[in-house]
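Here is a short tour of a protein model, written for someone who likes to check contacts and distances in the viewer. Let's start inside the fold and work outwards.

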Amino acid sequence: MTRVLLIGLLVAALFWVFTIVDCALQPPTRHRGVSKPIWLLIVVVIPVLGGILWLAVGRVRKSATRIYQAPDDDPEFLGRIGSLSDQDERIRKLEEELALLDSEADDPRYQAPAEDGPSATDGEPPAPSPDGDDDSRGQRGAVG
């Protein structure tokens with residue numbers, strides 16, 4: 001009977017020392033609940049029960065800690081930005097809009113539509129220029 005009691009006390013003492021060392025060596029980011037000094041105090045003051053609490057509640061497993069990654073390596077981030085086909089479609093639409101804007105800006109004939117309604121010259125040929133060489137679009141020698 002005394003042998004069993006001594007073996008039990010030895011196991012309890014080893015468990016107590018293990019949990020003290022484990023709690024002391026863990027980085028503060030792997031402590032759950034209260035802060036690291038409080039966990040050390042709990043484990044030291046309440047030998048076996050404090051150690052059981054530390055292992056069950058206070059210690060965060062290494063696999064459960066969040067490893068910060070670059071955005072292109074983070075699966076959560078990649079899942080939030082949408083699929084590649086959505087991006088390709090959006091890029092295609094933007095390129096079409098830019099091409100349309102570029103073609104309008106480069107075309108000297110393009111004029112923004114008037115907001116006042118139809119003008120008095122709609123349907124009429126452009127008036128000849130004073131020197132007779134240019135049409136209303138600024139093209140020399142062109143026939144309207």
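## A buried threonine

Not counting residues up to four places away in sequence, Thr 19 touches Val 43, Gly 51, Trp 54 and Leu 55. Thr 19 itself is found in helix H1. Please keep in mind that this is a predicted model, as is every distance quoted below.

Is Thr 19 buried or exposed? With 0% relative accessibility, Thr 19 counts as buried, because the cut-off for buried is under 20% relative accessible area. Its side chain also has a polar partner: one of its polar atoms lies 2.9 Å from the backbone oxygen of Trp 16.

## Gln 26, Asp 22 and Arg 59

Moving along the chain, Gln 26 lies in the loop between helix H1 (2–25) and H2. Despite the loop setting, Gln 26 counts as buried, because its relative accessibility is 8%. Once neighbours within four places in sequence are left aside, Gln 26 is in contact with His 31, Lys 36, Trp 54 and Arg 59. Trp 54 is thus a contact of Gln 26 and also of Thr 19.

The side chain of Gln 26 makes a polar contact of 2.9 Å with the side chain of Asp 22. Which residue forms a salt bridge with Asp 22? That partner is Arg 59, with the closest N and O atoms 3.3 Å apart. This pair links distant parts of the chain: Asp 22 sits in helix H1, Arg 59 in the loop between H3 and H4, and 37 residues separate them. Asp 22 counts as buried because its relative accessible area is 11%, while Arg 59, at 28% relative accessibility, counts as partly exposed. So Asp 22 has a polar contact with Gln 26 and a salt bridge with Arg 59, and Arg 59 is in turn among the contacts of Gln 26.

## A charged network in helix H5

How many salt bridges does the structure hold? There are 3. Side chains of opposite charge can pair when their charged atoms come close. Besides the bridge described above, there is one between Glu 89 and Arg 92, whose closest N and O atoms are 2.4 Å apart. Both residues lie in helix H5 (residues 84–106), 3 residues apart, or about one turn of the helix.

Arg 92 also forms a salt bridge with Glu 96, again with closest N and O atoms 2.4 Å apart. Glu 96 and Arg 92 both belong to helix H5 and are 4 residues apart, about one turn of the helix. Shared partners join Glu 89, Arg 92 and Glu 96 into one network. Each member counts as partly exposed: Glu 89 has a relative accessible area of 33%, Arg 92 one of 37%, and Glu 96 a relative accessibility of 45%.

## A nonpolar patch on the surface

Now to the outside. Leu 41, Val 44, Val 45, Ile 46, Val 48, Leu 49, Ile 52, Leu 53 and Val 57 make a nonpolar surface patch of about 740 Å². Helix H2 (36–45) and helix H3 (47–58) each supply at least two of the patch residues. Which helix gives the largest share? H3 does, with 5 residues.

Val 45, one of the patch residues, is found in helix H2. Val 45 counts as exposed because its relative accessibility is 59%.

## The whole chain and its confidence

Stepping back, the protein has 5 helices and 0 strands, and its elements run α-α-α-α-α from the N terminus on. Buried residues make up 11% of the 144 residues. The accessible surface comes to about 12000 Å², and carbon and sulfur atoms account for 63% of that. Among contacts between residues at least 6 apart in sequence, 49% join residues at least 24 apart.

How far can you trust the coordinates? The mean pLDDT of the protein is 75, and 58% of its residues reach 70 or more. Confidence is highest in H1, at a mean of 91, and lowest in helix H4 (residues 75–80), at 70. Where pLDDT is low, the predicted coordinates should not be read in detail.

Methods. Residues numbered from 1 in each chain as written. Predicted model: local features only at pLDDT ≥ 70, side-chain atom pairs only at ≥ 80, totals over all residues. Heavy atoms only, no water. Patch = residues over 30% accessible without salt bridge, like charges linked within 9 Å, V, L, I, M, F, W, Y side chains within 5 Å. Areas by Shrake-Rupley, 256 points an atom, 1.4 Å probe, with all protein chains shown as cover. Salt bridge = Lys/Arg side-chain N within 4 Å of Asp/Glu carboxyl O. Buried < 20%, exposed > 50% of the residue type's maximum accessible area, 1.4 Å probe, protein only. Polar contact = N/O pair within 3.5 Å; in protein donor to acceptor, adjacent residues only side chain to side chain. Contact = heavy atoms within 4.5 Å. pLDDT = per-residue confidence, 0-100.
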